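Subject: Structure handover

Hello,

Here is the structure I said I would pass on. My notes on it follow below.

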Amino acid sequence: MNVFTLSDVSNQEILEILEEAEEFKKGKEVSYKGKKSAAFLFFENSTRTHYSFEKAALNLGIKTQNLEVSTSSVQKGESLYDTCKFFESIGSDILVIRHPEENYFNQLDGIKIPILNGGDGTGNHPSQSLLDLYTIKEHFGYFEGLNLAIVGDIKHSRVAHTNYQVMRRLGMNVYTSGPSFFQEEGYQYIDFNQAIDKMDVIMLLRVQFERHNNQFTLTKEEYLNQYGLTIEKVNRMKKDAIIMHPAPFNRNMEISDDVVECRKSKIFEQMKNGVFVRMALINRVLNNE
Ligand code: CP
């Protein structure tokens, strides 16, 4: 069983993963006693996804290996397929891959061990979306009818692309907001100022400068003022509403410093929940080999 995109995971399966994540958060223990090993192949930078997947594996008693891309034979031109086949050959039981190429996994048909997608370019980020769903469900207890705005650099965000689809599928009213040049055609747009007091969840996104080819012209201050979340805007949010961000974040750009850890912010809870969700994901695919 692979998890490349949540389009391949049913609503029922998603709810089951979230339920097992909750059990892990409450202290359920599962140990593979060092008899399984996981390899992490990160061809694009990561802190949260990489190390929370590794923490999840270690919590499950799984041995871990991390590919150092910069000193590996990738630098001699070895293909992604051949790199994965190597890890399969030496006995890895599961691969977690992040790669800058969208749908990179289409080249991995011949790999026989489970693969979890840690992000493919601007395409999919299934484990991030699952931890976002977990955090929302933990706070509200349900999805149906919740209003959520994803704000900012939608176009370059695999988090936005994944969440927009799956959260609508689970019955949430999902909107996107922010600068027009960052919007996706066909997505349901809402003006940010008008959205603030109507949303149950405001999900901010990092402005991804590395994917813009230096075409971004707004200053940090201009962006914060027009599209960023400041404490003044937080004070206009619904009483029970929450703030999310997949991180890393540009402080004082899409989110002001004093909002990062304010009472409505779930940002660090999202990171904590990521470990339990990834434990559930790893356990599920290893049990479905
Ligand atoms: N949220 C997220 O994917 O963070 P990293 O890029 O640090 O993994």
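**Ligand shell and domains**

Sorted by residue class, the shell around the ligand holds 2 nonpolar, 5 polar and 2 charged residues. Please keep in mind that this is a predicted model, and that the values here are computed from it.

The residues surrounding the ligand are S46, T47, R48, T49, R98, H125, Q128, P246 and A247. The two nonpolar members are P246 and A247, and the charged ones are R48 and R98.

Three of the approaches to the ligand can be described by atom type:

- T47 places a backbone N or O atom 2.8 Å from an oxygen atom of the ligand.
- R48 has a polar backbone atom 3.0 Å from an oxygen atom of the ligand.
- Q128 uses its side chain: a polar atom there lies 3.0 Å from a nitrogen atom of the ligand.

As for cover, the ligand taken alone exposes 250 Å², and the protein buries 91% of that. The space that the ligand takes is the largest pocket.

Where does the pocket shell sit relative to the domains? The protein chain is divided into domain 1 (6-124 + 272-286) and domain 2 (126-265). Each of these domains supplies at least three residues to the shell around the ligand. By the domain bounds, T47 and R48 fall in domain 1, whereas Q128 falls in domain 2. The polar backbone atoms described above therefore belong to domain 1 under the assigned domain bounds.

The C-alpha centres of domain 1 and domain 2 are 26 Å apart. Between the two domains, 29 residues of domain 1 are in contact with 25 residues of domain 2.

Regards

Notes
Residues numbered from 1 in each chain as written. Predicted model: local features only at pLDDT ≥ 70, side-chain atom pairs only at ≥ 80, totals over all residues. Heavy atoms only, no water. Near = heavy atom within 4 Å. Polar contact = N/O pair within 3.5 Å; in protein donor to acceptor, adjacent residues only side chain to side chain. Areas by Shrake-Rupley, 256 points an atom, 1.4 Å probe, with all protein chains shown as cover. 1 Å grid on protein atoms, 1.4 Å probe; cavity = no way out; pocket = protein on both sides within 12 Å on 5 of 7 lines; lining within 4 Å. Sits in = over half its atoms within 2 Å of the grid points. Nonpolar A, V, L, I, M, F, W, Y, C, P; charged D, E, K, R; others polar. Contact = heavy atoms within 4.5 Å.
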